[in-house]
Structures are given as C-alpha cells and as structure tokens.
Amino acid sequence: MHKVIVDCSTGTITEVELTAEEIAQREADALAYAEQKAIEEAEAAAKAAAKANAEAKLAALGLTAEEIAALSK
C-alpha cells in the first residue's frame, strides 16, 4: 500500500510505502467504521420498527392514516 504526499509549496507529489504501523492503523480504522455503521443501521431499524408498532397501535385505537400522519409531524 502507498500514500501520496503533496507538497503544496513546490507542487511535488511523492508516493511512499505505508509502514506496518500505518497499515495496522488503517485496518483498525476500517474495522471501527464497519462496527459503528452496523450499530447505526441497527438503531435505525429499531427506530423504524418502534414507529411501525406505534402506528399499528394507533390504528387499532381507530385513528385513520391521515390522523396518524398528522401526529407524527
């Protein structure tokens, strides 16, 4: 793996090999990102399920779809 270093003052572009430490950090960052993304997706799914459950309960109480929509605004 390589990284690109750009010296803006001279316009020089240098490609350098990543060190083992940099590679390990990139892998750790990618894993942490994937874990955080999975948590966010699970939270979004739980929120959507809770909303659907609440809307079903309101409908069971006799509210129309329009009334339920008006409550969620």
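The mean pLDDT of the protein, which is a predicted model, is 95, and 100% of the residues reach 70 or more. Confidence varies between the elements of the chain: the lowest mean, 92, belongs to helix H2 (residues 65-71), whereas the highest, 97, belongs to helix H1 (residues 20-60).

The secondary structure consists of two helices and two strands. Their order along the sequence follows the pattern β-β-α-α. The radius of gyration of the protein is 25 Å, well over the 11 Å that the globule rule gives for 73 residues, and the protein is therefore more spread out than a compact globule. Along the principal axes, the C-alpha atoms fill a box of roughly 70 × 30 × 10 Å.

The surface and the contacts of the protein were examined next. Of the 73 residues, 3% count as buried. The protein exposes about 6000 Å², and carbon and sulfur atoms supply 61% of this area. Among the contacts between residues at least 6 apart in sequence, 7% join residues that are at least 24 apart.

The β-β part of the pattern is formed by strand E1 (residues 2-7) and strand E2 (residues 12-17), which pair in the antiparallel sense over six bridges. One of the residues involved is Asp7, whose bridge partner in E2 is Thr12. Together, E1 and E2 form a hairpin, with four residues between the two strands. Within the turn of this hairpin lies Gly11, which has a positive phi of about 80°.

The α-α part of the pattern comprises H1, which spans residues 20-60, and H2, which spans residues 65-71. Leu63 is placed in the loop between these two helices. With a relative accessible area of 25%, Leu63 is partly exposed, since the limit for a buried residue is under 20% and that for an exposed residue is over 50%. When neighbours within four places in sequence are left aside, Leu63 is in contact with Leu58, Ile68 and Leu71. Of these partners, Leu58 falls within the range of H1, residues 20-60, while Ile68 and Leu71 fall within the range of H2, residues 65-71. Gln25 also falls within the range of H1. The C-alpha atoms of Leu63 and Gln25 are separated by 54 Å, and the two residues are 38 residues apart along the chain.

Definitions and conventions. Residues numbered from 1 in each chain as written. Predicted model: local features only at pLDDT ≥ 70, side-chain atom pairs only at ≥ 80, totals over all residues. Heavy atoms only, no water. pLDDT = per-residue confidence, 0-100. Pairing = 2+ DSSP bridges. Rg over C-alpha atoms; globule rule 2.2 N^0.38 Å. Buried < 20%, exposed > 50% of the residue type's maximum accessible area, 1.4 Å probe, protein only. Contact = heavy atoms within 4.5 Å. Areas by Shrake-Rupley, 256 points an atom, 1.4 Å probe, with all protein chains shown as cover.
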